[in-house]
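Work through the exercises below with the sequence and the model side by side. Each task is followed by a solution in steps.

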Amino acid sequence: MTLRPLSLLVSLSLCVPLAASAVEFSQAELSKASALQHKLLTLDSHLDTPANFGRADFNIMQRHDHNALSQVDYPRMVEGALDGGFFAIYTDQGDRSPAAHIAERDHGLQRMQEIHEMLAANPDKFQLALTADDAARIKAAGKRVVYISMENGSPLVADPTLLSYYYKAGLRLMSTVHFANNEFADSATDPKGAEWNGLSPAGKALVNEAVKLGIVIDQSHASDAVFDNLIEMMPVPFILSHSSAKAVFNHPRNLDDARLRQLAAKGGVIQANAYGGYLVDETKSAERKQAEEELEKRLGGWENMTMAKGVELRKAMAELDQKYPRRKATLDDFFQHFGHMLDVVGPDHVGIGMDWDGGGGVTGMEDAADLPKITAWMQRRGLTDAQIGNIWSGNLLRVMRQAQDYAAAQKKS
């Protein structure tokens, strides 16, 4: 999840752009792309949809159109030919007090439970995946694929040994940090700057334990110094589950070309992200920020909103768009980042991690139903079906397979 607080939530395709997206696709192109996606295995490496599982009026089997809180549900997964992906356990960063660490521990465990409750409630439509090979088998059975990831390692600060429990419960991908530094690593966006100059000793121990278990490491949100640590210490490739290109937009969350090439040389993968604030400068006026803060307070705060409040939020944000317009990233901007990364490292080291339900979405690509536009663009670019398949899942699953094979080999030795 990228957003927090609600003042960041409105990157969710709610704002009227100052310039409309120019790229368009014919119905024939979209039909052809959708047909290919139905044949391929289409996975997204960063779905923040579990953030909605605790809302009493959210049902993943129902379509939640025109709602600021939701971009992924079963009907739109079917429409967008999205077979599934990594459903994130996101935990907001607290003040790093002992009490905050306990609260984060409990929040992470609760979110894991909510994911399993969703699976138990919909066994004919969703299934937990544990290995790289599970995804194709689950798709063949006509179900959606649910891998579990962790965004921000803060739930493990109070008790790092919980990692083994998370693994047994299905965790297969994890990042160390989010918006702010924690006990494991430096964030790319902490206004205080570096605390550890990369991974802390506890962070290195956590990464080593994850590698031992076969959990894939995710570098998104961590500082460049953390990236450099991972390149040096990791015996297997790692990924960036939802990141963009620094050469296109110089944001600390984005990766520069030199590190992109290092990632590829290591066998890793960067998953193209659709969070507008990382694609272009979406800076808001002070007046708009204040208005959003007041709106958040009125609606009870992001965590406490019902889906019904999400509908109200979307309408209120449309009104703010008229009163305080700002630039909004477009599908063209997404493709500029996506295309640049393909140019730098090639189709074997790029994937898709849209950040749906966590702030992702651009003008022209509002929710999971729009995903065939990405495939249509790749087909226009001249990529082969095999290359497109690797971008949608093959590259990511290769990294997972390498991580799991390494862990299995170490257990035997």
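**Exercise 1.** Which residue in E2 is the bridge partner of leucine 47?

Solution. The model is predicted, so local features need pLDDT of at least 70 and side-chain atom pairs count only at pLDDT 80 or more, while totals for chains, interfaces and linings use all residues. Residues are numbered from 1 along each chain as its sequence is written, and side-chain values use heavy atoms, with hydrogens and water left out.

Step 1. Find the elements: helices (H or I, at least four residues) and strands (E, at least two) are DSSP runs, numbered from the N terminus. Strand E1 covers residues 43–47, and strand E2 covers residues 84–90.

Step 2. Check the pairing, which requires that DSSP finds at least two bridges between two strands. E1 and E2 are joined by three bridges and pair in the parallel sense.

Step 3. Read off the partner: leucine 47 is bridged to phenylalanine 87 in E2.

Step 4. Follow the chain from E1 through helix H3 (residues 74–79) to E2; this β-α-β crossover is right-handed. Right-handed means that, with the strands pointing away from the viewer, the path from the first strand over the helix to the second runs clockwise.

**Exercise 2.** Is E1 largely enclosed, and what is the surrounding of aspartate 73? Work out both. 

Solution. Step 1. Buried means under 20% relative accessible area, exposed over 50%, and partly exposed in between (1.4 Å probe, protein chains only). Five of the five residues of E1 are buried, so this strand is largely enclosed by the rest of the structure.

Step 2. Aspartate 73 lies in the loop between E1 and H3. With a relative accessibility of 0%, aspartate 73 counts as buried.

Step 3. List the contacts, meaning heavy atoms within 4.5 Å. Leaving aside neighbours within four places in sequence, aspartate 73 is in contact with Ile60, Gln62, Arg63 and His64.

Step 4. A polar atom of the aspartate 73 side chain lies 2.8 Å from the backbone nitrogen of histidine 64.

**Exercise 3.** Describe strand E8 (residues 269–272) and the strands that pair with it.

Solution. Step 1. In a regular strand the side chains alternate between the two faces of the sheet. In E8, Val269 and Gln271 point one way, Ile270 and Ala272 point the other way, and all are buried.

Step 2. Strand E7 (residues 239–243) runs parallel to E8 and is joined to it by three bridges. Isoleucine 239 has valine 269 as its bridge partner in E8.

Step 3. From E7 the chain crosses through helix H9 (residues 257–266) to E8, in a right-handed β-α-β crossover.

Step 4. Strand E9 (residues 350–352) also pairs with E8 in the parallel sense, over three bridges. Here valine 350 of E9 stands opposite isoleucine 270.

**Exercise 4.** How are the planes of phenylalanine 335 and tryptophan 377 arranged in their aromatic pair?

Solution. Step 1. Rings of Phe, Tyr and Trp (its six-membered ring) pair if their centres lie within 6.5 Å; planes under 30 degrees apart count as stacked, over 60 as edge-to-face and the rest as tilted. The count by this rule is 11 aromatic pairs.

Step 2. For tyrosine 165 and tyrosine 166, the ring centres are 5.8 Å apart and the planes stand at 65 degrees, so this pair is edge-to-face. Tyrosine 165 is partly exposed at 41% relative accessibility, whereas tyrosine 166 is buried at 0%.

Step 3. Phenylalanine 335 and tryptophan 377 are stacked, at 4.7 Å centre to centre with 5 degrees between the planes. Their pair links distant parts of the chain, 42 residues apart: phenylalanine 335 is in helix H13 (residues 331–345) and tryptophan 377 in helix H14 (residues 372–381).

Step 4. Both phenylalanine 335 and tryptophan 377 are buried. One aromatic cluster is formed by Phe25, Phe334, Phe335, Phe338 and Trp377.

Methods
A polar contact is a pair of N or O atoms within 3.5 Å; within protein, one must be able to donate a hydrogen and the other to accept it, and residues adjacent in sequence count only if both atoms are side-chain atoms.
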